[in-house]
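Student: I should like to take a close look at a single part, the largest cavity. Which residues line the largest cavity, and how many of them fall into each class?

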Amino acid sequence: AGAISSGIRIMLDLAGKSPEQVERVLLTGAFGNFLHPASAVGVGLVRGVPLERIHSIGNAAGVGARAALVSGAELKRACSIAGRMEFIELAVQPDWQDRFAEAMFFP
């Protein structure tokens, strides 16, 4: 939880946003599918985002891959999103180690 939480904080800082400005948090995959939003907040995984904006949605990657395979429009949309992605190397961020250490403690 500490690595995820600190990564979220760094991305928010780089985007110039606060947790309160996040519109939605989607918990996905095997981990997110079985993690209740209240638990994500309780263990400090997601901090400062109102609970009603956090949702478990299951296997989003699988659903998206199937949609891209059967729909040219969805494939185009996925490619557009992928083209706007930016890789952020957390380990080179100046304060990541401190944020990671802080995030390892349960709230």
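Tutor: For the classes, Ala, Val, Leu, Ile, Met, Phe, Trp, Tyr, Cys and Pro count as nonpolar, Asp, Glu, Lys and Arg as charged, and the others, Gly among them, as polar. This is a predicted model, in which local features need pLDDT of at least 70 and side-chain atom pairs pLDDT 80 or more, while totals for chains, interfaces and linings use all residues. Residues are numbered from 1 along each chain as its sequence is written, and side-chain values use heavy atoms, without hydrogens and water.

A cavity is a set of points on a 1 Å grid over the protein atoms alone where a 1.4 Å probe fits but cannot get out; its lining residues have an atom within 4 Å of a point. Grid points are joined across faces, edges and corners, and the volume is the space filled by probe spheres set on the points. The structure holds one cavity of 30 Å³ or more, and the largest encloses about 30 Å³. Its lining consists of Ser-5, Ile-8, Arg-9, Leu-12, Pro-19, Leu-45, Val-46 and Arg-47; five are nonpolar, one is polar and two are charged.

Leu-12, Leu-45 and Val-46 also belong to the largest nonpolar core, which has ten residues. Such a core is a set of buried Ala, Val, Leu, Ile, Met, Phe, Trp, Tyr and Cys residues joined through side-chain atoms within 4.5 Å, where buried means under 20% relative accessible area (1.4 Å probe, protein chains only). Beyond its neighbours within four places in sequence, Leu-12 is in contact with Lys-17, Ser-18, Pro-19 and Val-22, contact meaning heavy atoms within 4.5 Å.

Technical notes: Buried means under 20% relative accessible area, exposed over 50%, partly exposed in between (1.4 Å probe, protein chains only). On a 1 Å grid over the protein atoms alone, a cavity is a set of points where a 1.4 Å probe fits but cannot get out, and a pocket is an open set with protein on both sides within 12 Å along at least five of seven lines; lining residues have an atom within 4 Å of a point.
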